[in-house]
Amino acid sequence: EKAKVYLHAKSAHESAWQDVRGALEDSGYDVLPQGLKPIGDNLRDIEMAREERLRILKEEANAACALVVDGTVEHDVQMLVSDRTALRVSGKNIPCALIDQIGSAHALARQLGSETVNAVNKNWPSSFQTWLQSTLSRG
């Protein structure tokens with residue numbers, strides 16, 4: 001069975017998300033979901049989108065959760081860590097990574113225990129694969 005990676009991004013970063021999705025698929029991964037859905041600005045829409053994201057992560061993704069960022073936004077990093085924590089509480093320990101389109105340091109992601117993959121480097125899918133294999137082998 002192919003490794004299934006859940007790939008998330010803000011709808012404003014859809015172009016970057018498509019690029020990352022294509023690179024992951026070319027590297028042999030199945031990528032979920034099939035497309036980004038716009039999320040409303042109200043709290044109810046945001047929470048419903050998070051519940052759907054967590055459902056897919058729990059039921060379908062088997063390898064990793066990744067967030068595409070096309071700019072440094074602390075809220076995005078905190079969301080990734082919050083999702084990872086919710087998954088662990090539910091009994092599913094899935095590695096999470098930030099796939100960074102601009103090559104920034106993301107000290108916050110490192111502090112919170114999430115890997116940052118620099119996607120500015122053309123060889124980033126190999127770095128992602130090495131990180132994921134190493135993480136999964138550690139359990």
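This briefing describes the strand arrangement of the structure, the helices beside the strands, and one residue of an edge strand. The model is predicted. Its open sheet is built from 5 strands in the order 2-1-3-4-5, with parallel pairing. The edges are formed by strand 2 (30-32) and strand 5 (115-118), each of which pairs on one side only. On average, neighbouring strands of this sheet are turned by 30 degrees against each other, direction ignored.

**Pairing within the sheet**

- Strand 1 (residues 4-8) pairs with strand 3 (residues 64-69) in the parallel sense, and 4 bridges join the two.
- Within this part of the sheet, His8 has Leu67 of strand 3 as its bridge partner.
- Strand 3 also pairs with strand 4 in the parallel sense, here over 5 bridges.
- Ala66 has its bridge partner in strand 4, namely Ala97.

**Burial of strand 3**

- Strand 3 is mostly covered, as 6 of its 6 residues are buried.
- In a regular strand, the side chains alternate between the two faces of the sheet.
- In strand 3, Ala64, Ala66 and Val68 point one way, while Cys65, Leu67 and Val69 point the other way.
- The residues on both sides of strand 3 are all buried.

**Helices packed on the strands**

- Helix 1 (residues 14-26) packs on the sheet and touches strand 1, strand 2, strand 3 and strand 4 (96-100).
- The direction of helix 1 makes about 170 degrees with that of strand 1.
- Helix 5 (residues 124-138) lies across strand 1, strand 3, strand 4 and strand 5.
- Relative to strand 4, helix 5 runs at about 170 degrees.

**Asp30 in an edge strand**

- Asp30 belongs to strand 2, which is one of the edge strands.
- Asp30 has a relative accessible area of 29% and is therefore partly exposed, since that class lies between the limits of 20% for buried and 50% for exposed residues.
- Leaving aside residues up to four places away in sequence, Asp30 touches Lys2, Ala3, Lys4 and Val5.
- Asp30 and Asn62 are separated by 32 residues in sequence, and their C-alpha atoms lie 9.9 Å apart in space.

Conventions. Residues are numbered from 1 along each chain as its sequence is written. This is a predicted model: local features need pLDDT of at least 70, side-chain atom pairs count only at pLDDT 80 or more; totals for chains, interfaces and linings use all residues. Side-chain values use heavy atoms; hydrogens and water are left out. Two strands pair if DSSP finds at least two bridges between them. Axes are lines fitted to C-alpha atoms, for helices over the stretch in contact, and angles run from 0 to 180 degrees between N-to-C directions. Contact means heavy atoms within 4.5 Å. Buried means under 20% relative accessible area, exposed over 50%, partly exposed in between (1.4 Å probe, protein chains only).
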